[in-house]
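Student: Could you take a close look at one part of this model for me, namely how the two copies sit against each other? I'd like one connected walk-through rather than a list.

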Number of protein chains: 2
Amino acid sequence: MIIQSKSHPYSVESFDDLASALDASSLPERSHWLVDQVLLQHHAAAFRGRLPELRTVLIEATEERKSYEAIGPVFLDLLGKGLKRDGNLVVVGGGVVQDIGCFIATVLARGIGWELVPTTLLAQADSCIGSKSSINIGSFKNQIGTFYPPHRVLLCPATLRSLPWDEIRSGVGEIIKFQLLTGESEFRELMRDLASLSGQPQAIAKWIHRSLEIKKGYIEEDEFDRGRRNLLNYGHTFGHAYESATHYGIPHGIAVVLGMLTATYVSIQMSMTDHAHFDDVRTQLLPWCEPYGDLLAKVDLDEVVLAMRRDKKNTVDGVNCILTRGFGKMEKRRVDIDRVVAPSLQAFIKRELH
Amino acid sequence: MIIQSKSHPYSVESFDDLASALDASSLPERSHWLVDQVLLQHHAAAFRGRLPELRTVLIEATEERKSYEAIGPVFLDLLGKGLKRDGNLVVVGGGVVQDIGCFIATVLARGIGWELVPTTLLAQADSCIGSKSSINIGSFKNQIGTFYPPHRVLLCPATLRSLPWDEIRSGVGEIIKFQLLTGESEFRELMRDLASLSGQPQAIAKWIHRSLEIKKGYIEEDEFDRGRRNLLNYGHTFGHAYESATHYGIPHGIAVVLGMLTATYVSIQMSMTDHAHFDDVRTQLLPWCEPYGDLLAKVDLDEVVLAMRRDKKNTVDGVNCILTRGFGKMEKRRVDIDRVVAPSLQAFIKRELH
């Protein structure tokens, strides 16, 4: 698959195992490596002999490391190890490592070559294409970032075997989102396939590719997220607020599923869809949220509303969110927080999560 | 003047005085301001009543502030003062303030609107267009940066009146470079005009515009500096080494003039031009370097060569520099440092600076 971008076109290539993906990176004799240190432990055999010690930086994949302040020392480590404008940075890990690697690759010498080996389902099915990085600074979350895609994405669904089930489900949340955005038959086909997923997460490879095909259409048309690409935020305005109000106690993709259910519920209040559609979607999605639906049911509603008011996508006078008229019919709307959002949230959280 | 860019087209607009330029900024009711604190003192009357205290950040325009580490608190100050993705940052100052403002505007919310009021001759005649920012990190100089132009440049040559003469001459260095790149008659016309410049620096407005017109051609053709725009580095490989070896004791544009003389001298050794051309240019340029030519004559040659080896534009096996076949005929060449550059530098510095 080739993705067009304002910076440069880039490829997504698939590999059977991690070792093959690592071997396929360009410029092996002089690339620098940025690698998730936990992943290295889980896949020690695949990495053995493939990471040049003098050109490798290991990092901890946590929210705290994904900050402007914490990235400074990583820059210095890479520069001290000789990374230059004509270099190549191979980034191996999930979303956090990708964010850090993308940010560094964008601003080092105004943009160097980089290649991405995404190793979580979220990264493989969603974030690995689309150019974005998001970085925290101080107490401001994801306020800093860039648009700069890798030069190649080296995809290897076999790495999913080492992931905890919650992290698989988190990726599934975004995969569900892509199919809800596309249409009813695609959504139902996915939900049937997902029923047999447990125990063999690599069987999801087909849906990784279908997700990327869908996302490719959105990002090639609107790379800088000024129009149609906004629809990919379906479920995210509410999902982010749930993550924030639970202090990141809900995995991102699962929060997005809860957010999509919320958006469908709010769409009823906005006379855009009906309760039957909501019930249909709810029956299908709720099993993918357990036990986080119960966690959300206990959350302080004021915390959720406060988080929405703080969301960087919202302006002073309203909440921007993606609502729905049914499968494949999403629309961006501005919704009044006091009159619509707050009462809908209360009803949804109290009544619809059990 | 409208400049085309991959990010967005932007305008360069001229104003008679600083107050008019400040008044012309967009979104006065909600813009944030990033302002050189020394400039504010020098132009207190023009700024009076124009900077909203709750949305203004003052900075010190020094190399130390132009670092990744020092920019963190500036980000937090601006975010704490409410700067958001739909905001507008008005940046008022010279090259250092522009670098900081451009970097912040690029990576805040993946790119916000910003407007630039350049206040030094270097910034007005050269850096205000072309999209680049350059930021230091640790001991690595200018290794971090972005390509992201302002949305408008508000130009006001009247601000030049408060500049020290050395800073005027520093800007003149880049203006000379543009005319040397263009042709003999343009160069001679400029040098005649410059002879009557002293005491009325704003008379240089005509040459600011001609410099920007020339630069516009280069950057619109090659914004990301991969080809023809490289020629704008004429004098810079040697100039940077001189700045570094004198611990920034030579103002940038004056180091560039010395660098252009060096490049012309090296071009003789490369059989690209002759001594008569060098003597002609030397006679015209040397007066614009005093007393820094004398300073350079005392410098340790090894320091200069070491700085060239460290230059981020040079790769492991040679020095990339722009040489010349005469007025308007510059070419990028790779030159062997031990066999050509070092002996040429020695001869140039010892023999040609008096």
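Tutor: Keeping in mind that this is a predicted model, start with the superposition: a turn of 180° and a shift of 0.0 Å along the axis lay chain B on chain A with an RMSD of 0.0 Å. The two copies are thus related as by a two-fold rotation axis. Both copies also use the same surface, since 100% of the contact residues of chain B turn up again in chain A.

Now for the contact itself. On the chain B side there are 25 residues, and they touch 25 residues of chain A. If you want to find them by element, look at α4 (68-80), β7 (132-137) and β8 (140-147) of chain B, each of which puts in at least two residues. Sorted by class, that side of chain B comes out as 11 nonpolar, 6 polar and 8 charged residues.

There's a second contact worth setting beside that one, and it lies inside chain A. The domain assignment splits chain A into domain 1 (2-162) and domain 2 (165-351), and their C-alpha centres are 27 Å apart. Here 21 residues of domain 1 of chain A meet 24 residues of domain 2 of chain A. On the domain 1 side, α6 (121-127) and β8 (140-147) of chain A are the elements giving two or more residues, with α6(A) giving the most, at 5 residues. The class split for that side of domain 1 of chain A is 10 nonpolar, 8 polar and 3 charged residues.

Note on methods:
Residues are numbered from 1 along each chain as its sequence is written. Chains are lettered from A and ligands numbered from 1 in the order in which they are written. This is a predicted model: local features need pLDDT of at least 70, side-chain atom pairs count only at pLDDT 80 or more; totals for chains, interfaces and linings use all residues. Domain bounds come from an automatic or database domain assignment. Two residues are in contact if their C-beta atoms, placed from the backbone, lie within 7 Å. Helices (H or I, at least four residues) and strands (E, at least two) are DSSP runs, numbered from the N terminus. Ala, Val, Leu, Ile, Met, Phe, Trp, Tyr, Cys and Pro count as nonpolar, Asp, Glu, Lys and Arg as charged, and the others, Gly among them, as polar. Copies are superposed by least squares on the C-alpha atoms of residues with pLDDT of at least 70 in both.
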